[in-house]
Amino acid sequence: MTRHTNYTLDVPKTIPFSLNSSEFLKNPYPLYDKLRSANPVSKITLLKYSGWYITGYDEAIAILKDTRFKNRIPLPQASKKYNDLKKIQNDMMVFKNPPDHKRLRKLVGNVFSTQVVEQYRPYIEETVIELIDRLQDKKSIDIVSDLAFPLTSLVIAKIVGVPEEDRNQFREWTVSLIHTIDIKRDRNILVNGNDTALKVLDYFKELIKKRKQNPKDDLISMLIKEEEQGEKLTDEELLATCILLIIAGHETTVNLISNSMLSLLNHPDQLKKLKETPPLIKTAIEEFLRYESPTQMTARVASEDIEINNKTIREGEQVYIFIGAVNRDPKKFTNPNQLDISRNPNPHLAFGYGSHFCLGSTLARVEAQIAINVFLQRMTNIQLTVSTPKWRVLTGFRSLQELRITATMMNEMDEN
Ligand code: HEM
């Protein structure tokens with residue numbers, strides 16, 4: 001067991017508490033269960049991670065729908081060394097509050113609707129088939145870099161309007177920027193993130209300039225049109241929205257596809273069931289979202305003293321909503337630690353709740369459903385090559401560094 005940092009808890013001290021331990025990284029759910037059983041709304045004072053830890057489902061809903069809890073850029077003290085990063089994040093809708101949030105959400109929602117996503121379904125299907133074809137001669141496959149990342153980055157790059165050849169640099173940029181919004185960020189991460197933010201900013205400034213001169217059938221061009229027609233979107237907000245969509249558009253969906261595959265490989269009975277009954281894919285993806293939620297945590301700040309569960313959260317205090325814990329609350333889900341791909345209903349909060357509910361949920365679902373189903377139909381003898389895959393050192397996201405497997409591709413003869 002890793003040594004514990006000094007802390008005060010309003011839950012019993014017998015709960016070993018360290019967000020940095022390797023056990024927590026490997027499997028955060030036992031700690032979530034202990035915290036929730038002690039109190040689903042717990043005040044925890046740790047040097048870096050002080051705040052209210054929310055691990056209960058009803059309590060999370062109460063907070064996420066209460067507009068007195070504000071979204072705020074999760075940067076510690078301001079510093080010139082990461083001011084550019086702060087400015088960009090400040091303009092992202094995910095960190096905005098009314099009335100700016102409502103205005104931006106409506107604008108982006110107009111151009112990024114379910115109908116728009118549906119138009120891309122054939123492209124997603126073709127891309128998955130092409131990527132799987134390329135796995136033919138590989139001795140082993142890394143689901144993250146051979147399937148999930150190329151798929152999600154190609155799709156979001158196409159939708160937003162980023163040239164295909166540029167997408168690889170986005171992987172690096174995204175990983176750097178994702179760390180800056182994680183609870184574990186430190187000064188180095190923020191300073192590096194600031195460098196990345198400047199590069200991303202330059203990149204999009206140039207791309208927006210090109211699209212202004214020569215509009216195309218993509219989201220950047222549609223947003224520019226909205227900006228020019230209605231003056232409803234500032235230049236800075238347009239830039240921040242493009243960056244947010246590219247980052248949010250692939251990072252969490254890579255994790256959904258990889259985590260889904262891992263969950264299946266760890267539950268051979270469920271893998272067999274899904275292979276035999278492909279239409280189960282819809283409930284299966286909802287269950288993977290619940291069971292190994294790609295976004296594990298989101299945060300809010302109380303704008304006044306607010307009572308939740310007989311506890312008073314004071315003005316200015318930080319609230320961490322542990323989505324991964326909430327999605328395993330036994331008061332809401334029967335046998336929550338069990339993976340059941342037929343679970344229905346499944347009211348998980350993997351995409352958040354309330355006014356900031358994920359704008360990309362339809363896209364993420366369509367990509368994951370197609371990727372997992374086509375992979376299972378084309379491959380047999382699917383096996384993990386290691387017993388304990390490596391997770392990235394993040395608390396807010398459940399993100400595999402690599403998911404290496406072996407599998408045999410079925411040819412048409414096998415299928416007949
Ligand atoms: C499995 C994949 C995904 C997961 C688990 C996920 C999760 C979430 C969550 C939990 C939130 C709410 C954050 C909060 O309340 O503080 C959110 C917001 C958001 N997501 Fe996603 N997301 C995914 C995929 C996507 C995709 C594919 C896109 C875009 C292409 C996207 C774009 C957004 C945007 C723009 C917001 C901000 C909405 C707002 O502030 O009103 N997400 N996402």
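1. Let me start with the inside. The largest cavity has 15 residues in its lining, and those nearest its centre are Thr67, Phe69, Asn97, Ser355 and His356. This is a predicted model, by the way, so read what follows as values computed from predicted coordinates. The space in that largest cavity comes to about 120 Å³. Two elements, helix H3 (57–64) and strand E4 (69–70), each give at least two residues to its lining. By character, the lining of the largest cavity splits into seven polar, five nonpolar and three charged residues.

2. How many cavities of 30 Å³ or more are there? The count is three. The second largest has a volume of about 80 Å³. Its lining draws on two stretches you can pick out quickly in the viewer: Phe24, Leu25, Pro28 and Tyr32 are among the residues there, and so are Trp391, Arg392, Leu394, Thr395, Phe397, Arg398 and Ser399. Gln296 is also part of the lining of the second largest cavity. Here the residues divide into seven nonpolar, three polar and two charged.

3. Now the iron. Which protein atom serves as donor to the iron atom of the ligand? It is SG of Cys358, at 2.3 Å, and the iron has no other donor from the protein. Cys358 sits in the loop between helix H15 (323–326) and H16.

4. That loop between H15 and H16 is worth a second look, as Pro345 is found there too. The peptide bond leading from Asn344 into Pro345 is cis, with omega near 5°. A cis bond also joins Pro98 to Pro99, where omega is about 0°. Pro99 belongs to the loop between helix H4 (83–90) and helix H5 (100–111). I'd look at both spots in the model: Pro98–Pro99 and Asn344–Pro345.

5. Helix H13 (residues 268–276) makes a nice worked example. Its Gln270, Leu271 and Leu274 are buried. Why do these buried residues line one face of the helix? Viewed down the axis of H13, they fall within an arc of 105°, so they share one face. The general background is that an α-helix has 3.6 residues a turn, so residues three or four places apart point the same way. On the face of H13 turned away from the buried side you find the exposed residues Pro268, Asp269, Lys272 and Glu276. As for neighbours, the buried residues of H13 pack against three helices: H12 (235–265), H14 (281–291) and H16 (361–378). So H16 turns up twice in this note, as a packing partner of H13 and as one end of the loop that holds Cys358.

6. Last, some backbone angles. Asn309 has a positive phi of about 55° although it is not a glycine. You'll find Asn309 in the loop between strand E7 (306–308) and strand E8 (311–313). With a relative accessible area of 40%, Asn309 is partly exposed. Asn381 is another non-glycine residue with positive phi, in this case near 50°. Where does Asn381 lie? Its place is in strand E10 (residues 379–384). Asn381 counts as exposed, at 52% relative accessibility, where the cut-off for that label is over 50%.

Notes
Residues are numbered from 1 along each chain as its sequence is written. This is a predicted model: local features need pLDDT of at least 70, side-chain atom pairs count only at pLDDT 80 or more; totals for chains, interfaces and linings use all residues. Side-chain values use heavy atoms; hydrogens and water are left out. On a 1 Å grid over the protein atoms alone, a cavity is a set of points where a 1.4 Å probe fits but cannot get out, and a pocket is an open set with protein on both sides within 12 Å along at least five of seven lines; lining residues have an atom within 4 Å of a point. Grid points are joined across faces, edges and corners, and a volume is the space filled by probe spheres set on the points. Helices (H or I, at least four residues) and strands (E, at least two) are DSSP runs, numbered from the N terminus. Ala, Val, Leu, Ile, Met, Phe, Trp, Tyr, Cys and Pro count as nonpolar, Asp, Glu, Lys and Arg as charged, and the others, Gly among them, as polar. Buried means under 20% relative accessible area, exposed over 50%, partly exposed in between (1.4 Å probe, protein chains only). The arc is that of the directions from the helix axis to the C-beta atoms. Contact means heavy atoms within 4.5 Å. Donors are N, O and S atoms within 2.8 Å of the metal (3.2 Å for Na, K and Ca); water is not among the atoms, so sites may look incomplete.
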